[in-house]
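Student: Can you walk me through this model? I'd like to go topic by topic.

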Amino acid sequence: MMLRKYILDLSVRAVEPLHGGFILIRLTHSEPLPPMMPGQFVEVRIDQVPATFLRRPISIHFVDRQHNELWLLVACVGAGTRRLAQLKAGDTLNVVLPLGHGFTTPDGKSAGRKVLLVGGGVGVAPLLYLGASWKESGVEPTFLLGARDKNGLLMLDAFRQYGRVLMTTEDGSEGERGFVTNHSILSCERFDLIQTCGPTPMMKAVARYANDQEIECEASLENLMACGLGSCLCCVEKTTRGNLCVCKEGPVFNIKELLWT
């Protein structure tokens with residue numbers, strides 16, 4: 001679905017520090033926020049930082065229609081994101097939204113489907129809004145979330161509102177030890193659809209599993225994106241349809257389009 005794009009000055013309602021160097025930014029607007037689909041992203045302008053000439057792409061974490069809020073889950077890893085962490089309630093953030101093509105969402109044939117949403121690190125961000133979409137349709141998804149250690153597992157209580165939450169950590173500090181593709185659920189339950197976002201090696205492993213099990217699978221790519229509109233060619237990915245701009249044709253692709261398996 002193609003949605004109209006907007007350039008908006010959004011008001012910061014809150015910046016909430018999370019563990020592991022992450023923050024949750026809650027934004028609002030004087031008018032109702034425009035339609036946004038799970039898996040789409042925004043481009044944020046970061047002012048007062050010379051190193052951030054270009055906007056920064058950030059996944060849409062959640063859209064709270066009741067409170068007219070857009071949530072962004074951000075890892076503070078560079079000058080731009082550290083500047084975002086300094087925002088205060090009442091500050092203004094200029095945002096282009098919504099961008100890209102998102103995940104497949106429920107339709108009239110979704111009843112009874114078993115859906116697995118797999119995320120790693122900050123790649124869990126788009127899965128909260130996606131999981132809420134599935135739950136609203138009557139399909140309770142299973143979340144499988146992975147991290148290096150328990151400090152990398154984010155927003156667990158929020159995810160639990162929309163489905164079962166399973167976890168893996170590489171050091172075994174929370175959930176099962178290992179990677180998401182090592183979790184025991186994959187050997188004892190069968191899913192109809194897998195949707196994933198996270199580090200590329202993790203998504204490739206999930207894609208191989210889905211391909212071997214003949215399960216439909218979508219992956220949200222995290223290629224470097226500068227313009228968000230398909231003009232700068234920073235984010236090109238080789239696919240079965242040729243070279244495509246992830247920011248415009250994605251970021252979500254069916255794994256059958258990707259040269260991963």
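Tutor: We'll take a sheet, then a helix, then some backbone details, and keep in mind that the model is predicted.

Student: Start with the sheet of seven strands. What is the strand order?

Tutor: The order is 4-3-7-1-2-6-5. The sheet is open, and the pairing is antiparallel.

Student: Which are the edge strands?

Tutor: Strand 4, residues 56-59, and strand 5, residues 62-64. Each pairs on one side only.

Student: How about the twist? What does it average from one strand to the next?

Tutor: The average is 40°.

Student: Back to strand 4. How many bridges join strand 3 to strand 4?

Tutor: Four. Strand 3 covers residues 41-44, and the two strands run antiparallel.

Student: Which residue in strand 4 stands opposite Val44?

Tutor: Arg56.

Student: And the loop between strand 3 and strand 4? Which residue has its place there?

Tutor: Gln48 is in that loop. Its phi is near 70°, a positive value in a residue that is not glycine.

Student: Is Gln48 buried or exposed?

Tutor: Exposed. Its relative accessible area is 68%, and the cut-off for exposed is over 50%, so Gln48 qualifies.

Student: Any other positive phi to look at?

Tutor: Met155 has one, about 60°, and Met155 is not a glycine either. Met155 lies in the loop between strand 9 (142-147) and helix 3 (156-160).

Student: Buried or exposed, that Met155?

Tutor: Buried. Met155 has 17% relative accessibility, and buried means under 20%, so Met155 falls in that class.

Student: Switching to helices. Which strands does helix 2 lie across?

Tutor: Strand 4, strand 5 and strand 6. Helix 2 is residues 125-136, and strand 6 is 69-75.

Student: What about its angle to strand 5?

Tutor: Helix 2 runs at about 50° to strand 5. Strand 5 is also one of the edge strands we met in the sheet.

Student: Last topic, cis peptide bonds. Which residue is joined to Pro98 by one?

Tutor: Leu97. Omega there is about -15°.

Student: Where does Pro98 lie?

Tutor: In strand 7, residues 92-99. In the sheet order, strand 7 sits between strand 3 and strand 1.

Student: And Pro251? Which residue does a cis peptide bond join to it?

Tutor: Gly250, with omega about 10°.

Student: Where is the place of Pro251?

Tutor: In the loop between helix 6, residues 246-249, and strand 16, residues 252-254.

Notes
Residues numbered from 1 in each chain as written. Predicted model: local features only at pLDDT ≥ 70, side-chain atom pairs only at ≥ 80, totals over all residues. Heavy atoms only, no water. Pairing = 2+ DSSP bridges. Axes fitted to C-alpha atoms, helices over the stretch in contact; angles between N-to-C directions. Contact = heavy atoms within 4.5 Å. Buried < 20%, exposed > 50% of the residue type's maximum accessible area, 1.4 Å probe, protein only.
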